[in-house]
Number of protein chains: 2
Amino acid sequence: MDLTTISLESPYLIYLGDCPDKHHAKTGAGIAHWRPEHCAGQMRLPACPIDIGLPEMTLQQAKKAGIRTVIVGVAPMGGRIPEHWIPQLAELAAAGFDIAAGMHGKLVDIPDLVAGANEGGGRLIDVRVPPAGIPVGDGRLRSGKRVLMVGTDCGVGKKYSALALHRELERRDIKTTFRATGQTGIMIAGEGIPIDSVVADFISGAAEVLSPDNDADHWDVIEGQGSLLNPSYSGVSLGLLHGSQPDAIVLCHDAERLEIDESGGHLPIPELDEVIHDALQMARRLRSQCFCAGVSVNTSSMNDFDRDIYLSKLQSELGLPCVDPIATGMSPIANFLLKYAL
Amino acid sequence: MDLTTISLESPYLIYLGDCPDKHHAKTGAGIAHWRPEHCAGQMRLPACPIDIGLPEMTLQQAKKAGIRTVIVGVAPMGGRIPEHWIPQLAELAAAGFDIAAGMHGKLVDIPDLVAGANEGGGRLIDVRVPPAGIPVGDGRLRSGKRVLMVGTDCGVGKKYSALALHRELERRDIKTTFRATGQTGIMIAGEGIPIDSVVADFISGAAEVLSPDNDADHWDVIEGQGSLLNPSYSGVSLGLLHGSQPDAIVLCHDAERLEIDESGGHLPIPELDEVIHDALQMARRLRSQCFCAGVSVNTSSMNDFDRDIYLSKLQSELGLPCVDPIATGMSPIANFLLKYAL
C-alpha cells in the first residue's frame, strides 16, 4: 500500500485514560481482540475503572517493550481528548512514541502534544484525517479478488463481519488482507483510509488505492461504510462500492433494525432481497460477475431458538448462507464465497 | 438560502485576461448568456482575442457602473490564475470589488490578491471551496417540488439542461429556482454549493441545504453532477440524488457518448431505459413518487433530419418526451413535469 494510506507501526500501547465504561473503550478492546499480536500493553490513569486485559505499562516499561505507537483506545464524550489526559500523552510523545487517535478533535491541534512530538521525534496520527494525494478513481479493473461488506444501514456490524470473514479465510490459509475504511478499522488493521472523510470527488479513488492490484488468488476483505439506503451516507457507500469493484458482497444487517437509523420512521428497511438486488445492480455496472456471498446478521437480541428459526427462514428465502458472525460464525459465507467466485 | 452556501453579489464584471480561445472562455460566456441582467461589462488584457459581447470596462468605469463582483470567466491552462493577470486583478481587489474564481489554484493563496482585498475590503471567493458548517444530511422530506438532472455520464449537458428547463418554467410564470452544484453553475446562479468538493460524509447534507423547504408549488431545478454510472463520481451523484429527494428527474445524455468517459471502452453506457430505471430505483427509496420527466440529449453532432429520427425513435421507445435542449427546447419536458407531478 502506498503513501496515500494511513499507516501505524506496532507494537501498540493502548491508552485508556480514565475511560468511564466499556462502551467508550470499544476501540481499544477491539484492537486487543482482533490484533492481540500487535498490542504489547495498556496504560491508564489511576482512576480508570476499565481494563481491557493487556499488561499494564509505565512509560519506562513501554520503552523497554519497544512500543512504536500509543493508540488512544477510547471514544471520549465530546469527541476530543480530555484536558487531564494531555500531560501523560505529551510525556509519551516526548519519549518518541507515535500517538494515534480517531477523534473529531485533532491531536495536531493540541499544542502540548505538538511540543511533545517535536521533542520526541514521533508522529501525531489523526486517523480520521485522510492522507494527501488521493487520486480521482479511474474505474480500471484490477487483479486479485475482493469482497465488500454492504449494510442495510450504518452500525449493523460491517466491520465485525469483515474482520471475522478475514480471520476465517486466514484460518484456511487463503491469501487475504482486511482493508479498513473507518477509524477503528484502521487502528485494528494498522493501515487504511477513513473513506467518509475524503473529499467527495475522491471517494472511489480512495477505495481504489486501498485495494490495489494483487495476486489472482488473493482476497481483499473490505470494511463497508454507511448504506446505499441511508440518505445521509449513501454517496460514500456507492463510491466505495464502485471503487472496490468487488467480486462479491456480503450483506450485513441487524435483526432489530426495522428502519433507517434516525429517519423517524419514514424509511423502513426493505426486504433483504431488494437490498441485495439494489447493491448488485450498482456493483455489476462495473463488475458484471459480482454476486452476494451471504448475509451476516447481528442477532444478539435473540435467544438461540429464535436465532435458529430466523436464520433458517432467511436462508431458505434468499438461497444464501445466513449467519450471525459471533453466534454461528462466518464459515458458511466463506464456503459460498470460495465456491462461486470466478 | 443560508450561510452554508456560496453567494456572489451582482452586477458582475467578467474578467477574461488574455484568454486564448472560446473554449477556455466558456464560463464567462455562459454567465453572459444565462444571466445578462447580472453582467455589466467585461475586462480584458490588450492581447485578448476573445470578446463575449459585454461592454468593455476600465477600472474607473467599473466603479461608476457599481460593479460588486469581478468574476474570472476563464478556465486557464494549468487550473490557476496566470502570473501576468495578477497585477490587474490585485488592482480590482484593491478598489474594493469582490473577486470570484473557480479554479483549482485558489485566489486566497495568491499574496498580491490577498493584499489587494485587504486594502479594498472586498472578498476573495473561491467558488470550488465549499462553505463551512454543512451538516450531515438527515433525509427529512421537505416541502416544495424538485427536479434533478441525472446524467448518463459527466459532461453530457446537465447544467445546460437545468438552466434551459428553469428558463422554460420561468417563462410560464411558475415559481422556480435554479440550484447550482458546480463552479460554473454557481457563478451563473450567483449562489450554490460545489458539491463534489464537500467531504464525503456531507454530500447529501449539502444537497439538503442547497434546496431547502419551499412553497408547495415552487420548483427547484437542480443541476446534476457526475453519473451513477461513472465509477469516478458515482458517490457524488447518489449523495446528490438522495439529498435532493427529487419529485422528478430528467435524464441528460450526449448522443455521441457510447461509453463512460475515460473508461477505455470497458464501460459501455447501457440502454437509456436501464439508466432511468437505476436512478429511479435509488431515488424512490427516499421519495416513492419520483418519476422521469424526459430525456435531454445533446445532438449537436447530427443534422436536423438525423436528429428528428433519433429523438422520435427514443421517444417511442421510452414513452417520455425526448428533446435537444438547444435544437428543440425543453417545453415538452416542462409539460410532462407539470402534468404528472403530484
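The following dialogue treats the contact between two chains, the packing of helices and the nonpolar core in a predicted model.

Q: How many residues does each chain bring to the contact between chain A and chain B?

A: The size of an interface is often given as the accessible area lost when the parts come together. Here the description is by residues: chain A contributes 33 residues and chain B contributes 33 residues.

Q: Which helices of chain B supply at least two residues each to the side that touches chain A?

A: Three helices of chain B do so, namely helix 7 (203-210), helix 8 (234-244) and helix 9 (272-284). Of the side of chain B that touches chain A, helix 8 of chain B gives the most, with seven residues. By class, that side of chain B consists of 14 nonpolar, 13 polar and six charged residues.

Q: How is the packing of helix 8 of chain A against helix 8 of chain B to be read?

A: Two packed helices are described by the angle between their axes and the distance between the axes. For helix 8 (residues 234-244) of chain A and helix 8 of chain B, the angle is about 155° and the axes are 7 Å apart. Angles over 145 degrees count as roughly antiparallel, and helix 8 of chain A and helix 8 of chain B are therefore roughly antiparallel to each other. Their crossing is right-handed.

Q: Which residues of helix 8 of chain A and helix 8 of chain B meet?

A: From helix 8 of chain A come Ser234(A), Gly235(A), Val236(A), Leu238(A), Gly239(A) and His242(A); they meet Ser234(B), Gly235(B), Val236(B), Leu238(B), Gly239(B) and His242(B) of helix 8 of chain B. This contact has four nonpolar, eight polar and no charged residues.

Q: What is the arrangement of helix 7 of chain B and helix 8 of chain B?

A: The axes of helix 7 and helix 8 of chain B cross at roughly 40° and come within 7 Å. That angle makes helix 7 of chain B oblique to helix 8 of chain B. The crossing of these two helices is right-handed. Among the residues in contact are Ile203(B) and Ala206(B) of helix 7 of chain B, and Val236(B) and Leu240(B) of helix 8 of chain B. The contact of helix 7 with helix 8 of chain B divides into five nonpolar, six polar and one charged residues.

Q: Which residues have the most contacts inside the largest nonpolar core?

A: The largest nonpolar core has 218 residues, and Ile99(A) and Ile99(B) have the most contacts inside it. Leaving aside neighbours within four places in sequence, the contacts of Ile99(A) include Val70(A), Leu89(A), Leu107(A), Gly122(A) and Ile125(A).

Terms used: Residues numbered from 1 in each chain as written. Chains lettered and ligands numbered in written order. Predicted model: local features only at pLDDT ≥ 70, side-chain atom pairs only at ≥ 80, totals over all residues. Contact = placed C-beta atoms within 7 Å. Helix = DSSP H or I, 4+ residues; strand = E, 2+ residues; numbered from the N terminus. Nonpolar A, V, L, I, M, F, W, Y, C, P; charged D, E, K, R; others polar. Core = buried A, V, L, I, M, F, W, Y, C linked by C-beta atoms within 7 Å. Buried ≥ 20, exposed ≤ 12 C-beta atoms within 10 Å, placed from the backbone. Axes fitted to C-alpha atoms, helices over the stretch in contact; angles between N-to-C directions. Parallel < 35°, antiparallel > 145°, perpendicular 65-115°, else oblique. Left-handed = near helix turned anticlockwise from the far one by under 90°.
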